[in-house]
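Work through the exercises below with the sequence and the coordinates at hand. Each task is followed by a solution in steps.

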Amino acid sequence: MTDVAAVKAALKTQAIETPSWAYGNSGTRFKVFTQPGVPRSPREKLDDAAKVHEFTGAAPTMALHIPWDRVDDYAALARYAEERGLRLGAINSNTFQDDDYRLGSVCHPDAAVRRKAVAHLLECVDIMDATGSRDLKLWFADGTNYPGQDDIRARQDRLAEALATVHERLGDDQRMLLEYKFFEPAFYATDVPDWGTAYAHCLKLGDKARVVVDTGHHAPGTNIEFIVATLLREGKLGGFDFNSRFYADDDLMVGAADPFQLFRIMYEVVRGGGFTPGVAFMLDQCHNIEAKIPAIIRSVMNVQEATAKALLVDRAALASAQAAGDVLAANAVLMDAYDTDVRPLLAELREEQGLDGDPVAAYHRSGWAAKTAGERVGGAQAGWGA
């Protein structure tokens with residue numbers, strides 16, 4: 001039997017980082033739909049992130065994206081966050097929105113473009129020094145569209161050289177998290193297309209380099225929990241970018257497409273010793289047609305629910321069934337946990353922490369949406385590239 005008190009105690013330690021860009025306007029390649037009250041600055045994004053944490057009690061950090069969240073004084077921004085009960089989280093680099101990066105950034109055939117990209121990554125480490133952030137998140141849009149366009153092996157050499165330069169610059173308590181994506185915007189060969197490529201580079205770099213698993217960045221049918229289990233076994237899982245996708249894109253709310261998959265992933269995290277501060281739980285989503293703050297709150301809750309179910313797995317019974325080769329009994333143990341309605345447990349946990357049991361309803365009662373819609377008038381709304 002599972003100790004419910006122990007499950008609650010574990011859930012109290014969970015921290016889910018929200019992304020600054022999720023609070024701004026975003027959309028598809030075809031249209032960005034604006035919303036009233038959207039933040040116009042990193043500080044207003046932090047104001048919104050503070051509301052998510054206020055109602056969930058589980059989102060104490062907000063990730064920044066550079067240059068989207070560039071400010072003159074990052075230490076002052078960190079203090080602003082602290083005043084709102086938050087901390088600044090991972091610093092996300094951007095080497096995919098400049099004309100010079102048409103043929104790649106750190107893998108570009110032109111050494112001058114590679115130097116520019118590396119300089120940006122080193123700037124991000126400088127920002128980490130000022131904000132106290134632990135993690136530098138690296139995602140590269142680098143790749144090729146046509147056979148023969150560039151030398152595949154040479155591009156890997158360029159990537160390794162750039163990563164080594166940045167890794168050497170990291171402080172003792174800082175890490176780099178290397179993300180992968182199997183296609184888009186490169187359609188023939190992507191330079192970091194899978195977890196194996198990311199793992200190979202991180203293994204060579206050393207302990208401060210880890211792989212980040214974006215749950216939407218996989219081909220259909222990929223067993224993501226196998227990847228998670230393997231990276232945990234090798235000590236190379238640095239964190240998650242949580243989101244969902246149905247066909248190819250990856251910016252939908254976590255748990256929307258396949259909540260059972262999210263549960264399976266979280267079970268491997270719990271079983272593999274990854275439910276620690278060493279594995280960062282981050283959202284990487286954009287809310288294009290739905291209200292942003294309620295969607296982020298719901299996403300935090302989705303991760304919490306999957307985690308609660310994973311913690312409820314009777315691991316002794318599972319191990320016994322597995323040892324006996326009882327296929328159906330072993331599967332039933334997992335399914336019993338997944339089929340458990342954990343919403344009452346989480347509502348009870350929140351109330352024990354002095355929070356409302358229903359964070360979404362509490363947010364709507366707060367009047368924050370109407371307040372920001374009335375106050376955030378004029379100026380330029382934040383969004384992709386802003």
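The model is a predicted one.

**Exercise 1. Determine which residues of α2 are buried, and state how far the helix is enclosed.**

Step 1. The buried residues of α2 are Pro42, Glu44, Lys45, Leu46, Asp47, Asp48, Ala49, Ala50, Lys51, Val52, Phe55 and Thr56. The cut-off for this list is a relative accessible area under 20%.

Step 2. Helix α2 runs over residues 42-56, which is 15 residues. Of these 15, 12 are buried, so α2 is largely enclosed by the rest of the structure.

Step 3. From first C-alpha to last, α2 reaches 21 Å, close to the 21 Å expected at 1.5 Å a residue.

Step 4. Gly57 follows α2 and has a positive phi, near 70 degrees.

**Exercise 2. Describe α4: its span, the placement of its buried residues around the axis, what covers them, and its two ends.**

Step 1. Helix α4 takes in residues 111-131, 21 in number, and its first and last C-alpha atoms are 30 Å apart, close to the 30 Å expected at 1.5 Å a residue.

Step 2. The residues of α4 that count as buried are Val113, Arg114, Ala117, Val118, His120, Leu121, Cys124, Val125, Ile127, Met128 and Thr131. Their arc around the axis is only 160 degrees, which puts them on the same side of α4.

Step 3. The cover over these buried residues includes the helices α3 (74-83) and α5 (152-169), together with the strands β3 (87-92), β4 (135-138) and β6 (175-179).

Step 4. At the N-terminal end, Asp110 acts as the cap of α4, with a side-chain oxygen 2.8 Å from the backbone nitrogen of Ala112. Just after the helix, Gly132 has a positive phi of about 80 degrees.

**Exercise 3. Locate the cis peptide bonds at Pro67 and Pro185, and examine the backbone of Glu184.**

Step 1. Ile66 and Pro67 are joined by a cis peptide bond with omega of about 15 degrees. Pro67 belongs to the loop between β2 (61-65) and α3.

Step 2. The bond from Glu184 to Pro185 is also cis, with omega near 10 degrees. Pro185 is in the loop between β6 and β7 (189-190), and Glu184 lies in the loop between β6 and β7 as well.

Step 3. Most residues other than glycine have a negative phi, and most peptide bonds are trans. Glu184 has a positive phi near 75 degrees although it is not a glycine.

Step 4. Glu184 is buried, at a relative accessible area of 14%.

**Exercise 4. Characterise the aromatic pair of Trp68 and Phe96, then find rings with a charge over them.**

Step 1. The whole structure holds 14 aromatic pairs. One of them is Trp68 with Phe96, an edge-to-face pair with 6.5 Å centre to centre and 90 degrees between the planes.

Step 2. Trp68 is in the loop between β2 and α3 and Phe96 in the loop between β3 and α4, so the pair ties together parts 28 residues apart in sequence.

Step 3. Trp68 counts as buried at 10% relative accessibility, while Phe96, at 27%, counts as partly exposed.

Step 4. Both rings belong to one aromatic cluster formed by Trp21, Trp68, Phe96 and Trp139.

Step 5. The charged end of Arg84 sits over the ring of Tyr80, 3.5 Å from its centre. Likewise, the charged end of Lys116 sits over the ring of Tyr101, 5.6 Å from the ring centre.

**Exercise 5. Compare the surroundings of two loop residues, Asn25 and His108.**

Step 1. Asn25 lies in the loop between β1 (16-19) and α2, and is buried with a relative accessible area of 5%.

Step 2. Beyond its neighbours within four places in sequence, Asn25 has contacts that include Phe33, Lys292, Gln381 and Trp384. With Gln381 there is a side-chain polar contact of 2.5 Å.

Step 3. His108 is placed in the loop between β3 and α4 and is buried, at a relative accessible area of 8%.

Step 4. With neighbours within four places in sequence left aside, His108 is in contact with Asp100, Leu103, Val113, Arg114, Asp142 and Arg158. Among them, Val113 and Arg114 are also buried residues of α4.

Conventions:
Residues are numbered from 1 along each chain as its sequence is written. Side-chain values use heavy atoms; hydrogens and water are left out. Helices (H or I, at least four residues) and strands (E, at least two) are DSSP runs, numbered from the N terminus. The expected span of a helix is 1.5 Å times one less than its number of residues. Buried means under 20% relative accessible area, exposed over 50%, partly exposed in between (1.4 Å probe, protein chains only). The arc is that of the directions from the helix axis to the C-beta atoms. Contact means heavy atoms within 4.5 Å. A polar contact is a pair of N or O atoms within 3.5 Å; within protein, one must be able to donate a hydrogen and the other to accept it, and residues adjacent in sequence count only if both atoms are side-chain atoms. Rings of Phe, Tyr and Trp (its six-membered ring) pair if their centres lie within 6.5 Å; planes under 30 degrees apart count as stacked, over 60 as edge-to-face and the rest as tilted. A charge sits over a ring if NZ of Lys or CZ of Arg is within 6 Å of the ring centre and within 35 degrees of the ring normal.
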